[in-house]
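Here are some exercises to work through with the model open beside you. Try each task before you read its solution.

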Amino acid sequence: MRPIDQQTILITGATDGLGRALAAELAAEGATVLVHGRDDQRGKATLQEIGGRASWYRADLSSLAETRALADAVRADHPRLDVLVNNAGIGTTGSRQESADGHELTFQVNYLSGYLLTRLLLPTLVASAPARIVNVSSLGQQAIDFADVMINRRYSGTRAYCQSKLAQILFTIDLADELAGTGVTANALHPATYMPTKMVPSPISTLEEGVRATHRLVTDPALDDVSGRFFDGLRESRADPQAYDPDARARLKALSDDLASP
């Protein structure tokens with residue numbers, strides 16, 4: 001990887017919690033940080049706080065059209081992209097909600113829009129290699145029921161969240177295989193347990209723990225050739241068994257391509 005002060009790094013969900021703290025640390029180290037969020041006021045406040053070479057990109061990931069516009073804007077402004085951190089997400093919801101595109105909301109915001117954004121930015125990442133994709137997932141995982149991906153039956157917020165986070169890991173492993181030999185790596189992590197963010201009423205870990213683990217996947221030279229792995233904090237770990245099922249990954253990719261198509 002290039003020296004950090006020569007890198008351009010896009011962080012989704014960077015106006016709060018882990019994303020904001022990570023953006024601040026990388027900006028302080030000299031990186032050009034592209035701050036994504038869905039609220040202009042929070043975005044401007046984040047830029048003021050972190051300083052450095054940071055710029056703001058607004059998009060609501062509950063809309064695939066806005067996700068496409070985000071990719072278009074990043075590509076237009078930055079011919080090189082060294083790291084994409086898919087961090088944006090929502091926690092468990094009490095009742096089932098749908099996105100602007102008619103998909104179960106948690107699946108779209110936590111996984112599908114990140115899938116689409118990554119796909120649209122892949123040519124830029126590959127052209128910028130060595131480059132990295134970091135998917136911020138969770139230890140909370142539940143196997144995807146391909147007969148009811150949108151959880152129209154027996155909905156629970158926990159099930160929706162855990163399914164979306166496992167989907168990120170299936171995508172990560174699939175992407176690592178696809179990108180082998182390109183110089184672009186893809187890894188996923190559970191940054192820390194119940195960090196103090198707006199989604200967590202009773203924190204256990206510190207925000208600094210999560211930032212340290214995520215920052216490592218973004219910058220550590222020891223991980224230059226590491227791809228397709230799942231980390232629990234600083235340690236490599238194993239995800240739900242479905243993540244290692246090639247048939248499940250192929251089914252998810254086909255479904256995602258279909259759902260994300262214009």
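**Exercise 1. Around helix α6**

Task: This is a predicted model. Find out which elements cover the buried residues of α6.

Solution: Start with the cover. It includes β1 (8-11), α1 (17-28), β4 (83-86), β5 (131-136), β6 (184-190) and β7 (230-232). Next, look at the residues underneath: L207, G210, V211, A213, T214, H215, L217 and V218 of α6 are buried. Finally, check the length of the helix. Helix α6 has 13 residues (207-219), and at 1.5 Å a residue they should span 18 Å. The end C-alpha atoms are 18 Å apart, so the model agrees with the expected span.

**Exercise 2. Two helices that meet**

Task: Work out how helices α5 and α7 are oriented to each other, and what kinds of residues form their contact.

Solution: First, take the angle. The axes of α5 (residues 157-179) and α7 (residues 246-260) cross at roughly 95° and come within 10 Å. Angles of 65 to 115 degrees count as roughly perpendicular, and α5 and α7 are therefore roughly perpendicular to each other.

Second, list the partners. On the α5 side they are A167, L170, F171, I173, D174, D177 and E178, and these meet A248, R249, L252 and K253 in α7. Third, sort the residues of this contact: six are nonpolar, five are charged and none is polar.

**Exercise 3. The nonpolar cores**

Task: Which residues have the most contacts inside the largest nonpolar core, and which element gives the most to this core?

Solution: Begin with a general idea: in soluble globular proteins, nonpolar side chains tend to be buried together. In this model the largest nonpolar core has 45 residues, and F107 and L121 have the most contacts inside it. Then ask where the core comes from. The elements that give two or more residues to it are α3 (64-77), α4 (105-127), β5, α5, β6 and α7. Of these, α4 gives the most, with nine residues.

Now zoom in on L121. Leaving aside neighbours within four places in sequence, L121 is in contact with L10, A71, V74, R75, L81 and L84. A second, separate core has 26 residues, including A31, I50, L189 and L217.

**Exercise 4. Unusual backbone angles**

Task: Compare I151 and R154: which is buried and which is exposed?

Solution: Recall the background first: most residues other than glycine have a negative phi, and most peptide bonds are trans. I151 is not a glycine, but it has a positive phi of about 50°. R154 also has a positive phi, near 50°. I151 lies in the loop between β5 and α5, and R154 is found in the loop between β5 and α5 too.

Now use accessibility. Buried means under 20% relative accessible area and exposed means over 50%. I151 has 0%, so it is buried; R154 has 69%, so it is exposed.

One more step concerns the peptide bond from A129 to P130, which is cis, with omega near 5°. P130 lies in the loop between α4 and β5.

**Exercise 5. Apart in sequence, apart in space**

Task: How many residues separate G102 and S63 in sequence, and what is their C-alpha to C-alpha distance?

Solution: Locate G102 in the loop between β4 and α4. At 37% relative accessibility, it counts as partly exposed. Then read off the pair: G102 and S63 are 39 residues apart in sequence and 9.5 Å apart in space, C-alpha to C-alpha.

Notes:
Residues are numbered from 1 along each chain as its sequence is written. This is a predicted model: local features need pLDDT of at least 70, side-chain atom pairs count only at pLDDT 80 or more; totals for chains, interfaces and linings use all residues. Side-chain values use heavy atoms; hydrogens and water are left out. Axes are lines fitted to C-alpha atoms, for helices over the stretch in contact, and angles run from 0 to 180 degrees between N-to-C directions. Helices (H or I, at least four residues) and strands (E, at least two) are DSSP runs, numbered from the N terminus. Angles under 35 degrees count as roughly parallel, over 145 as roughly antiparallel, 65 to 115 as roughly perpendicular and the rest as oblique. Contact means heavy atoms within 4.5 Å. Ala, Val, Leu, Ile, Met, Phe, Trp, Tyr, Cys and Pro count as nonpolar, Asp, Glu, Lys and Arg as charged, and the others, Gly among them, as polar. The expected span of a helix is 1.5 Å times one less than its number of residues. Buried means under 20% relative accessible area, exposed over 50%, partly exposed in between (1.4 Å probe, protein chains only). A nonpolar core is a set of buried Ala, Val, Leu, Ile, Met, Phe, Trp, Tyr and Cys residues joined through side-chain atoms within 4.5 Å.
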